[in-house]
Amino acid sequence: MSLLILVVDDEPDIEVLFRQQFRRDLRVGRFEMAFALSAPQALALIEAAESASLILILSDINMPGTSGLELLPKAKALRPDVPVIMITAYGDAETNRKALENGAEAILTKPLDFVALRGEIDVRVGLAA
């Protein structure tokens with residue numbers, strides 16, 4: 001069973017950035033990444049992720065339509081076992097508090113620190129192995 005990380009962000013160039021940063025991991029099959037451009041698309045992918053072991057959800061907070069903060073409780077309801085890390089360009093205290101109160105594991109700010117993110121992913125891959 002493959003390990004899956006879901007990245008939710010309304011900016012399409014995020015996929016290119018993540019695939020570049022984790023190209024070695026993806027090439028050797030250490031884990032797979034799926035990308036959703038909206039919260040509804042993410043929820044559909046979470047529901048469909050039966051053949052893979054979903055180990056982490058990374059979600060932008062500020063998205064048009066359904067925000068990451070609105071996605072968070074829905075994702076946790078579908079998969080309470082899967083940690084969710086929120087990503088934001090605007091790390092204000094109130095937004096951070098809401099995210100953590102609604103079940104976010106952590107909050108990362110843009111531009112992303114991929115060394116810190118890799119550490120978070122390494123923990124999840126290790127726990128799933």
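Modeller: Two residues touch when heavy atoms of one come within 4.5 Å of heavy atoms of the other. Keep in mind that this is a predicted model.

Colleague: Fine. Which residues does Asp9 touch, leaving out those up to four places away in sequence?

Modeller: Ile14, Ala36, Leu37, Asp60, Met63 and Lys110. Asp9 itself sits in the loop between E1 and H1.

Colleague: Why is Asp9 called buried?

Modeller: The cut-off for buried is under 20% relative accessible area. Asp9 has 5%, so it counts as buried.

Colleague: And what makes the pairing of Asp9 with the backbone nitrogen of Glu11 a polar contact?

Modeller: A polar atom of the Asp9 side chain lies 2.9 Å from that nitrogen of Glu11. The limit for a polar contact is 3.5 Å, so the pair falls inside it.

Colleague: Same game with Ala49: how do you know that Ala49 is buried?

Modeller: Its relative accessible area is 9%, and the line is drawn at 20%, so Ala49 is buried as well. Ala49 is in the loop between H3 and E3, and it touches Leu4 and Arg79, not counting residues up to four places away in sequence.

Colleague: How far is Ala49 from Pro64, in sequence and in space?

Modeller: They are 15 residues apart along the chain and 24 Å apart from C-alpha to C-alpha.

Colleague: On to the helices. Why is H1 called roughly perpendicular to H6?

Modeller: Their axes come within 12 Å and cross at roughly 70 degrees. Roughly perpendicular covers 65 to 115 degrees, so H1 and H6 qualify.

Colleague: Which residues make that contact, and how do they split by class?

Modeller: H1 brings Leu17, Phe18 and Gln21, while H6 brings Phe114, Leu117 and Arg118. By class, that gives four nonpolar residues, one polar and one charged. Arg counts as charged and Gln as polar, so Arg118 and Gln21 take those two places.

Colleague: What makes the largest nonpolar core a core?

Modeller: Its members must be buried nonpolar residues of the listed types, joined through side-chain atoms within 4.5 Å. There are 23 of them, and Leu6, Val8, Ile46, Leu54, Ile57, Leu71 and Met86 touch the most other members. E1, E2, H3, E3, H4 and E4 each supply at least two residues, with the largest share, four residues, coming from H3.

Colleague: What does Ile46 touch, not counting residues up to four places away in sequence?

Modeller: Leu6, Leu54, Ile57, Ala75, Leu78 and Arg79. There's also a second, separate core of 21 residues, including Phe18, Phe31, Leu112 and Val125.

Terms used. Residues numbered from 1 in each chain as written. Predicted model: local features only at pLDDT ≥ 70, side-chain atom pairs only at ≥ 80, totals over all residues. Heavy atoms only, no water. Buried < 20%, exposed > 50% of the residue type's maximum accessible area, 1.4 Å probe, protein only. Polar contact = N/O pair within 3.5 Å; in protein donor to acceptor, adjacent residues only side chain to side chain. Axes fitted to C-alpha atoms, helices over the stretch in contact; angles between N-to-C directions. Parallel < 35°, antiparallel > 145°, perpendicular 65-115°, else oblique.
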